[in-house]
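Grab a pencil and keep the viewer open. Below are some short exercises, each with a solution worked out in steps.

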Amino acid sequence: MNLFRKILYPFAILYGFITGIRNFLFDKGILKSYSFELPVIVVGNLSVGGTGKTPQIEYLIRLLSERFSLATLSRGYKRKSEGFILANANATAATLGDEPFQFFQKFPSIQVAVDADRKNGIEQLLVQDKKPEVILLDDAFQHRKVKAGFYILLTAYDDLFVEDYILPTGNLRESRSGAQRADIIVVTKCPETLSGIEQTQIKQSIKAYSNAPVYFSTIAFDDQVHSNAKAILVSEIQQSSCVLVAGIAKPDSFFDYLKNEQSVCLTYPDHHHFTENDILHIQQQAGEKKIVTTEKDYVRLKDSDLKDQLYYLPIRTSFINDSDQFDAAIVNYLRQ
């Protein structure tokens with residue numbers, strides 16, 4: 001923790017007090033939460049960004065979409081639109097936000113909607129001709145206005161909530177005790193070689209705040225990068241001179257997987273809207289070289305002047321162990 005964040009500790013106490021009062025009012029029913037008859041699953045975190053919500057949502061889509069009529073509902077962070085929008089043929093990353101647009105393009109069989117007011121968003125989905133049987137709420141752990149049926153809390157291996165502090169001293173949106181609302185906790189972005197001993201140690205540290213079962217996942221990178229026309233082996237990218245572009249939280253693993261001594265790595269803020277000057281700068285850095293970006297950034301860059309030399313690297317959530325137990329917990333909730 002740097003000195004500046006330590007200086008801000010009094011503000012963290014104030015912020016923690018405010019969020020604590022808010023949670024208390026919801027817990028006691030003074031502030032109203034709304035429940036719905038259909039199953040609603042929340043994927044979220046206690047901290048600000050970088051825990052792998054998007055690949056976790058995609059994991060659930062793959063798990064459930066063949067058995068249930070499924071919808072995702074997101075806030076649509078940094079989109080250039082307002083209110084409820086249900087994705088259709090006219091949807092873009094600008095109207096939906098990058099992550100929902102990614103869901104829409106990858107999973108055409110599901111409904112993808114955005115609304116900052118999740119209660120209204122659910123109500124709007126339920127009056128559609130194709131009413132969903134299950135709704136996945138993306139990044140809604142603090143959205144207490146909706147009382148979901150099942151909560152999945154994510155915490156990154158290298159930034160565990162049990163070792164973090166409330167904003168602005170740390171990155172927590174609320175107190176660590178918020179983990180009590182979780183039905184399942186997933187420690188994400190773990191090394192593939194994470195030992196059983198370390199897993200037990202992490203579980204013990206989390207148990208001080210929640211009795212929810214704890215699972216461990218890692219990010220599995222594809223062995224190919226893809227464009228709108230073809231795919232190239234990652235090994236070729238790792239051995240050539242390329243420009244790597246990332247506008248995501250905590251992009252180190254993306255860069256580390258692809259880069260070599262010749263690579264140029266360009267970093268932008270999470271959910272960054274690439275301007276004409278950004279595009280020009282990337283072009284200048286790349287020349288005739290290939291440009292490889294994240295899947296989330298690709299949906300914002302694929303129609304730009306970079307498109308003829310642009311590739312993206314797909315990722316997936318992969319559980320280190322006990323994936324069958326995780327899957328069964330989700331399916332059993334939906335069968336109840």
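A salt bridge here is a side-chain nitrogen of Lys or Arg within 4 Å of a carboxyl oxygen of Asp or Glu. Before you start, note that this is a predicted model, where local features need pLDDT of at least 70, side-chain atom pairs count only at pLDDT 80 or more, and totals for chains, interfaces and linings use all residues. Residues are numbered from 1 along each chain as its sequence is written, and side-chain values use heavy atoms, with hydrogens and water left out.

**Exercise 1. Work out which parts the salt bridge of Asp-270 and Lys-296 ties together.**

Step 1: Check the distance. The closest N and O atoms of Asp-270 and Lys-296 are 3.1 Å apart, and the pair forms a salt bridge.

Step 2: Place both ends. Asp-270 sits in the loop between strand 12 and helix 10, while Lys-296 belongs to helix 11, so the bridge ties together parts that are 26 residues apart in sequence. (Helices, H or I with at least four residues, and strands, E with at least two, are DSSP runs numbered from the N terminus.)

Step 3: Look at the cover. We call a residue buried under 20% relative accessible area, exposed over 50%, and partly exposed in between, using a 1.4 Å probe and protein chains only. With 23%, Asp-270 is partly exposed; with 12%, Lys-296 is buried.

**Exercise 2. Describe the salt bridge between Lys-119 and Glu-123, then look at other bridges.**

Step 1: Start with the general idea. Side chains of opposite charge can pair when their charged atoms come close.

Step 2: Apply it. The side chains of Lys-119 and Glu-123 meet at 2.8 Å, N to O. The two are four residues apart in helix 6, so about one helical turn separates them.

Step 3: Compare their cover. Lys-119 is buried at 16% relative accessible area, whereas Glu-123 is partly exposed at 31%.

Step 4: Try another pair. Lys-259 and Asp-256 form a salt bridge with their closest N and O atoms 3.5 Å apart. Lys-259 is partly exposed at 42%, and Asp-256 is exposed at 52%.

Step 5: Zoom out. The count comes to 15 salt bridges, and a network of salt bridges links Glu-58, Arg-62, Lys-106 and Glu-295.

**Exercise 3. Find what lines the largest pocket and the largest cavity.**

Step 1: Get the terms straight. On a 1 Å grid over the protein atoms alone, a cavity is a set of points where a 1.4 Å probe fits but cannot get out; a pocket is an open set with protein on both sides within 12 Å along at least five of seven lines; lining residues have an atom within 4 Å of a point. Grid points are joined across faces, edges and corners, and a volume is the space filled by probe spheres set on the points.

Step 2: Take the pocket. The largest pocket holds about 1200 Å³ of space. Its lining has 48 residues, and Gly-50, Lys-53, Glu-99, Asp-270 and Lys-296 lie nearest its centre. Elements that give two or more residues to this lining include helix 3 (53–64), helix 5 (98–106) and helix 11 (295–301). Asp-270 and Lys-296 are the salt-bridge pair from Exercise 1.

Step 3: Take the cavity. The search finds one cavity of 30 Å³ or more, and the largest has a volume of about 30 Å³. Among the residues lining this cavity are Lys-78, His-271 and Arg-300.

**Exercise 4. Say what is unusual about the backbone at Lys-78, His-271 and Pro-168.**

Step 1: Recall the background. Most residues other than glycine have a negative phi, and most peptide bonds are trans.

Step 2: Check phi. Lys-78 has a positive phi, near 65°, and lies in the loop between strand 2 (70–74) and strand 3 (85–86). His-271 also has a positive phi, near 60°, and is found in the loop between strand 12 (264–267) and helix 10 (276–286).

Step 3: Check their cover. Lys-78 is partly exposed at 37%, but His-271 is buried at 8%.

Step 4: Check omega. Leu-167 and Pro-168 are joined by a cis peptide bond, with omega about 0°. Pro-168 is in the loop between strand 6 (150–156) and strand 7 (184–188).
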